[in-house]
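Hello,

I am passing the structure on to you, followed by notes on what turned up in it. Please read them with the structure open.

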Amino acid sequence: MTSFPADLFDGQTIGVLGLGRNGMAAARALVHMGARVQAWDDTTRPDTASGVATPGLSFAPFTDMTGFDALVMSPGIPHVLPTPHPVAAMARAAGVPILSDADFLFQAVRRAGSRARFVGITGTNGKSTTTVLLAHLLRHAGIPVAEGGNLGPAALSLPLLPDNGVYVLEMSSYMLERLGSLHFDAACLLNLTPDHLDRHGDMEGYSRAKVHIFDRQGTGDLAVIGNTVPRHGVLAAGLRQRGITVMEIGGDAHAPDLWVENHILHDRAGAIADLSQAPSLPGTHNAENAAAAVAIAQWLGCPRAGTDAALASFDGLPHRQKTIGTIDGIRFIDDSKATNADAAARAMSCHDRMIWIAGGVAKAGGIEDLSPLFAHVVHAFLIGRDAPQLARTLERHGVAFTMAETMERAVPAALAAARAEHVPTVLLSPACASFDQFTGFEARGHRFAELVHALAGETDATAGQARR
């Protein structure tokens, strides 16, 4: 792994709008590769006095996009729906392409002369786990790999890989709408359920955005499709007509190419691995993730032998069904990454009885789709802006709940309820976005962990006093 040459984008003028994790990394990387970059953020003024200032990088609001070669916009800034950002409208009027930072990574790798392969992973849920798991399988096989994109680190913060290296990129629907040249040697669409409909108009628009992951693929490439994707057979047939190798996978016994039955991962050649020996991959949803990752890993050259050991050694993803503490035999599980109902369902289905902490900014449909799992919920503690909406749903279904409002109130109350009701699990799986009370799902999960660890310390101290 090496740095990129300093002249890859000589003579290009690139705008960067939004200076969060992706935007600032893109601005700095593009300057270091020779571009002239103008960057701006509507809410955060860069502190140039603290070392941000770099030759070739200027911070100024955009007034005219004439003369720019491209605009990189942070994924969360809309360029079409619900209302295009004024700078996006300015760029489109000037004929300036709006690109993802992942597209520039691809351009940089090819301009640097590397033939490293690119893998794109998308889907409504499971894409982060599948991305990290695939990278783990590749490392286990000794293949140079760098993973990032939507899950972090930002695409343009990844290193230059050699010809035999593999970039594994988690791709959101927002990123997939802004690709101009990126070609995925292997691309995966895990699943599709309603999400981000404000940005895509409706489910059809959301589906179109996701399917962009197969753009520019052709003969010699691999497409992996989950067997729960609506009309997956039609999609697979169309891809095969373009000469693409297609594998249909699933976490159950109904997928034709890779499937899981009685915890055993199979392909047409026979059994591959026993997922019951992989503690960080519980549930049917993780079986789907494992099937996708193994399908791509084997296509990339990972040996079949050793897959069992590689899956068993996978440590899981932060904020995705991670046990972060146990108090009096009660497990506290951080599933803060579950920002919609479908994601929460995947965690909830793994537990027979639970105290559930949920809430935040609800997605379209709220938590109504979780009603088949409400029988697993002994008591719910609701937090965040849309707690009243979630409460109405729970009330209709006869689920006991408390309006806790904040994480600080919910966690100790959940412990008390779990003790009183002899419930073995407290699950934070919010089924909502986090931006009403936190900077992101990571911050929400970190706060949950801090509160659990504080309670554990108090419990240990009380027990010590009792023993004395």
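How much space lies in the second largest cavity? The answer is about 30 Å³. Please keep in mind that this is a predicted model.

Cavities

The count comes to two cavities of 30 Å³ or more. The second largest cavity is lined by Gly126, Thr129, His285, Asn286, Asn289, Arg320 and Gln321. Helix α9 supplies three of these residues, the largest share of the lining. By class, six of the lining residues are polar and one is charged, with no nonpolar residue in the second largest cavity.

The largest cavity has a volume of about 60 Å³. Its lining consists of Asn22, Gly23, Val72, Met73, Ser74, Pro75, Ser100, Asp101, Tyr174, Met175 and Arg178. Three elements give two or more residues to this lining: α1 (21–32), β4 (70–73) and α5 (173–176). Here the classes are five nonpolar, four polar and two charged residues.

Second largest pocket

The second largest pocket holds about 310 Å³ of space. Its lining has 19 residues, and those nearest the centre are Thr193, Ala341, Asp342, Ala345 and Asp369. Two elements, α9 (283–299) and α11 (341–348), each give two or more residues to the lining. The largest share comes from α11, with four residues. Sorted by class, the lining of this pocket has seven nonpolar, eight polar and four charged residues.

Helix α9 therefore turns up twice in these notes: in the lining of the second largest pocket and in that of the second largest cavity.Sheet

One open sheet has six strands in the order β15-β16-β21-β17-β19-β20, with mixed pairing. Which strands stand at the edges? They are β15 (322–327) and β20 (401–405), and each has a single partner strand, so one side of each has no neighbour in the sheet. From one strand to the next, the twist averages 20°.

Within the sheet, β17 (residues 354–359) pairs with β21 (residues 425–428) in the parallel sense, over three bridges. Trp356 has Leu427 of β21 as its bridge partner.

Regards

Key. Residues numbered from 1 in each chain as written. Predicted model: local features only at pLDDT ≥ 70, side-chain atom pairs only at ≥ 80, totals over all residues. Heavy atoms only, no water. Pairing = 2+ DSSP bridges. Axes fitted to C-alpha atoms, helices over the stretch in contact; angles between N-to-C directions. 1 Å grid on protein atoms, 1.4 Å probe; cavity = no way out; pocket = protein on both sides within 12 Å on 5 of 7 lines; lining within 4 Å. Points joined across faces, edges and corners; volume = space filled by probe spheres on them. Nonpolar A, V, L, I, M, F, W, Y, C, P; charged D, E, K, R; others polar.
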